[in-house]
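User: Please take a close look at one part of this model. I should like a connected account of the open sheet and the elements that lie against it.

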Amino acid sequence: MFFVSLLLCCVLSRGVYGDASASSQENEDFLVAPKYLNNGEIRSLFARLQEEYPHLARAYSIGKSLQKRDLNVLALSAPGEDASAGDLLRPVVKVTANIHGDETLGRQMIVYLAQYLVKNYENVGEIQQLLNTTEIHLLPSCNPDGFAAAKEGNCESLPHYIGRTNAAGVDLNRDFPDRLDSQQQIQQKSLNRQPETAAIIEWVLNKPFVLSANFHGGAVVASYPYDNSLAHHECCEDSLTPDDRVFKLMAHTYANNHPIMRKGNNCNDTFTDGVTNGAHWYELNGGMQDFNYAFSNCFELTIELSCCKYPPAKTLPGEWQRNKQSLLQLLKLAHIGVKGVVKDVNGYPIHDATIVVSGLEEKPIRTTRRGEYWRLLTPGIYNIQALAFGYQASAPQQIHVTNDKNVAQRLDFTLSPIETNYDGISSFYSPYFFRH
């Protein structure tokens, strides 16, 4: 019953972002003559969008693949109503795809999303509100070399997984630091880490992402962490994070707004309501989804978009219509829970302070260089505390989270310095957090 009311609240909250049904106002001319863009075309498109929409778009690369192709990103945001505040406390989100190079649909959905957001900012209130309050980073391809080797129309991976892996034959979604690895294992594996993975790791650890989706293909389901468990069973046993309620809300939000995924019966698979826990489906180690949650502040879903891994380009406009609302509603969830700034008594921000929620101590959240934090939470009453090295811990503050209209409640902290800190580090610090 909790989730029924919670999800209904989420769906109904669309109204605060404007009338999403006003499709007559939408510009979707990018759907004409559908095709998959290659890496150079994506780079050119992003550069053009930056030139045409300088107030909204910024193109950049986070690194290069093994074969020296750029990992192209487009960042989107707009000045908010209070220009004097800059973008303080604006949540940062990301959408990525194509980590398996032959799973291509998500790659083009991200390209469409970039064009849809900038072309409709002026005329669609929902988009204007989203970009005025959110910073969105779009990475269409984590594995451009694999994409270049894949073949359009192939619904399964080619022999020897050509296209799925990178140019070195490595499955990039098994190449991340794993939450269950020791520090020594992580260091050892880092010696052979692929350049694509290393670039994504650095990106994640250096930007304060709050929420993320990464797109795959070969099924139609929204999967949430963890992807592995202490028991290492091959499948069929849940491995849940402390934030299982938030992840289920994210997964149901995507699936419920997708006309096919929500049915949960596709590709000869059955998933109740179109969602699954990753480890329950099948076990994997070194995945990007678990890395985001265990090593950073970012809550990431893995979203499988189609039974066919590389569907023909003619299907792309229809797939965009199926995924558009799911994407928009998921991105809005970056604004649930609480947010705030941690400062010292002189008003200076405290970097790397820890935000601890009673009952969720296993998942601390760290502040940015500007002292900001965002803590995704489902509705409820929480006791929240701020801690920082060299400062007295704040008194726990009780807050009633409602998530009304998908607006995070503000909760700031001011910490006083202490002269000594006997153990040198807070006992709440996670051994996995921001570890290299």
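Analyst: The account below follows the open sheet, then the helices across it, and then some loops and other sites.

The model is a predicted one. Its open sheet consists of eight strands in the order 1-2-4-3-5-10-6-9, and the pairing is mixed. Strand 1 (57-64) and strand 9 (275-277) form the edges, each pairing on one side only. Between neighbouring strands of the sheet the average turn is 20°, direction ignored.

At one edge, strand 1 runs antiparallel to strand 2 (residues 70-76), and six bridges join the two. Within this pair, S61 stands opposite N72 of strand 2. Strands of a sheet pair through backbone hydrogen bonds, in either a parallel or an antiparallel manner.

Two helices may be described together with the sheet. Helix 2 (residues 39-52) lies across strand 1, strand 2 and strand 4 (135-139), and it runs at about 25° to strand 2. Helix 8 (residues 244-256) lies across strand 5 (209-216), strand 6 (219-224), strand 9 and strand 10 (299-306); its angle to strand 10 is about 30°.

The loop between strand 6 and helix 8 contains Y226. The peptide bond leading from P225 to Y226 is cis, with omega near 0°.

Two further loops hold residues with a positive phi. H160, in the loop between helix 5 (144-149) and helix 6 (183-190), has a positive phi of about 65° although it is not a glycine. H160 has a relative accessible area of 74% and therefore counts as exposed, the cut-off being over 50%. N268 is found in the loop between strand 7 (265-266) and strand 8 (269-270), and its phi, near 65°, is likewise positive in a residue other than glycine. N268 is exposed because its relative accessibility is 83%.

The structure also holds two cavities of 30 Å³ or more. The second largest cavity has about 40 Å³ of space. Its lining comprises D102, A150, K151, N154, E156, S157, L158, I162 and Y310, which divide into four nonpolar, two polar and three charged residues.

A last site is L415, in strand 18 (residues 413-415). L415 has a relative accessibility of 1% and so counts as buried, a term that applies under 20%. Leaving aside residues up to four places away in sequence, L415 touches several residues, among them V342, V345, I350, L387 and Y391. P349 is 66 residues from L415 in sequence, with 9.9 Å between their C-alpha atoms.

How values were computed
Residues numbered from 1 in each chain as written. Predicted model: local features only at pLDDT ≥ 70, side-chain atom pairs only at ≥ 80, totals over all residues. Heavy atoms only, no water. Helix = DSSP H or I, 4+ residues; strand = E, 2+ residues; numbered from the N terminus. Buried < 20%, exposed > 50% of the residue type's maximum accessible area, 1.4 Å probe, protein only. Contact = heavy atoms within 4.5 Å. 1 Å grid on protein atoms, 1.4 Å probe; cavity = no way out; pocket = protein on both sides within 12 Å on 5 of 7 lines; lining within 4 Å. Points joined across faces, edges and corners; volume = space filled by probe spheres on them. Nonpolar A, V, L, I, M, F, W, Y, C, P; charged D, E, K, R; others polar. Pairing = 2+ DSSP bridges. Axes fitted to C-alpha atoms, helices over the stretch in contact; angles between N-to-C directions.
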